Amino acid sequence: VLCTAAARLVQFAGCSRVAPVSFIVAMVLAIAGCAFDISHVQRVPTTFVAASGGPDWTLDQDHSIGVGSGFPTQLRHGTHWQLVGRVPEGDVYHTSDQIVTVEASNIFEAMLVVQGVQVAGFYLPVEHSFVAASDRPALPIERRSTP
Amino acid sequence: MNKTVQRAAALPRLLLVWMTLAVLAGCATSGATYTELQAKLAPPPAGEGRVFIYRTTVLGAAVQPSVMLNGTVVGHAVPRGFIYLDRPAGNYTISTETEVTRTLSLTLVSGQVRYVRLNIGMGFFVGHVWPELVSDQEGISDIGECHLVGS
């Protein structure tokens, strides 16, 4: 019904025959893009074990970490990170200096998972899941200290 | 006859005025603002945290979906309105539903205050309202002139 209405509307406006087809395609894309959940992240159930006393560090520069959703997570320069636990995928770090979320069609509060100085992904504490980073960038760390 | 024609011609204008008034009435948000209430608000009870959920924009004012906390309706996405909820420390999801359901998951620690902004985006038939966790600084800056619409 929508397509017919669109085609008639365009024809009424005096456009060529190609125009209604383009218009319909545009409408279908709009429906697909707006009305449905199109962006997902791959979540893997994981086991979190609380830990503390590990080395903490400060991020040396802004950093963007993708998870394949099209909405990378921005980590800000100057944020201070503390070890809060471990998952099989790496050490879990938390910061109080910024909000960290993994974003797709839905948004998940997240903590950073690091292996050595490389980002492994994110731990989602509500979902008890791990989301892998698209690549494994080395973190530009300003300093590390062991309390 | 002329008067009848004039009245008929005025009808669309009256209709427009009526619709405008109806829309404005729908947009109007009463209740104290966050700035007015801030000093009077007691901290969350022991063992609980507080979540402020607010919407600043009047864009798409007619779209005011229910706001759900862990699947239970706790309010509506009223333009320039806010609600606050004191809840035990734990894990929560906040969701809104229009054409689609948009969900935010967050943790709440005892004594913690969190700010969730309801944004509006384009949809096909109706706009989408989606909750976003923002920093305390951003939340306090945003919410100042929003009105309490329930708690």
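**Exercise 1.** Work out how many helices and strands chain B has in this predicted model, and in what order they come.

*Solution.* Start with the count: chain B holds 3 helices and 9 strands. Next, walk along from the N terminus, and you'll read α-α-β-β-β-β-β-β-β-β-α-β.

**Exercise 2.** Describe how chain B splits into buried residues and exposed area.

*Solution.* Look inside first: of the 151 residues in chain B, 39% are buried. Then turn to the outside, where chain B exposes about 8200 Å². Carbon and sulfur atoms supply 61% of that area.

**Exercise 3.** Decide whether A:Ile65 is buried or exposed, and find out what it touches.

*Solution.* Step one is to locate A:Ile65: you'll find it in strand 4 of chain A, residues 63–65. Step two is the accessible area. The relative value for A:Ile65 is 0%, and buried means under 20%, so this residue is buried. Step three is contacts. Skip the neighbours within four places in sequence, and A:Ile65 still touches A:Pro72, A:Thr73, A:Leu75, A:Leu112, A:Val119, A:Phe122 and A:Ala133.

**Exercise 4.** Find the largest nonpolar core and say which strand gives the most to it.

*Solution.* The largest core has 23 residues, and A:Trp57, A:Trp81, A:Val102, A:Leu112 and A:Phe122 have the most contacts inside it. Now check the strands of chain A: strands 3, 6, 10 and 11 each supply at least two residues of this core. Strand 11 gives the most, with 3 residues. There's also a second, separate core of 20 residues, including B:Val51 and B:Leu108. In soluble globular proteins, nonpolar side chains tend to be buried together.

Conventions
Residues are numbered from 1 along each chain as its sequence is written. Chains are lettered from A and ligands numbered from 1 in the order in which they are written. This is a predicted model: local features need pLDDT of at least 70, side-chain atom pairs count only at pLDDT 80 or more; totals for chains, interfaces and linings use all residues. Side-chain values use heavy atoms; hydrogens and water are left out. Helices (H or I, at least four residues) and strands (E, at least two) are DSSP runs, numbered from the N terminus. Buried means under 20% relative accessible area, exposed over 50%, partly exposed in between (1.4 Å probe, protein chains only). Accessible areas come from the Shrake-Rupley method with a 1.4 Å probe; for residues, only the protein chains shown count as cover. Contact means heavy atoms within 4.5 Å. A nonpolar core is a set of buried Ala, Val, Leu, Ile, Met, Phe, Trp, Tyr and Cys residues joined through side-chain atoms within 4.5 Å.
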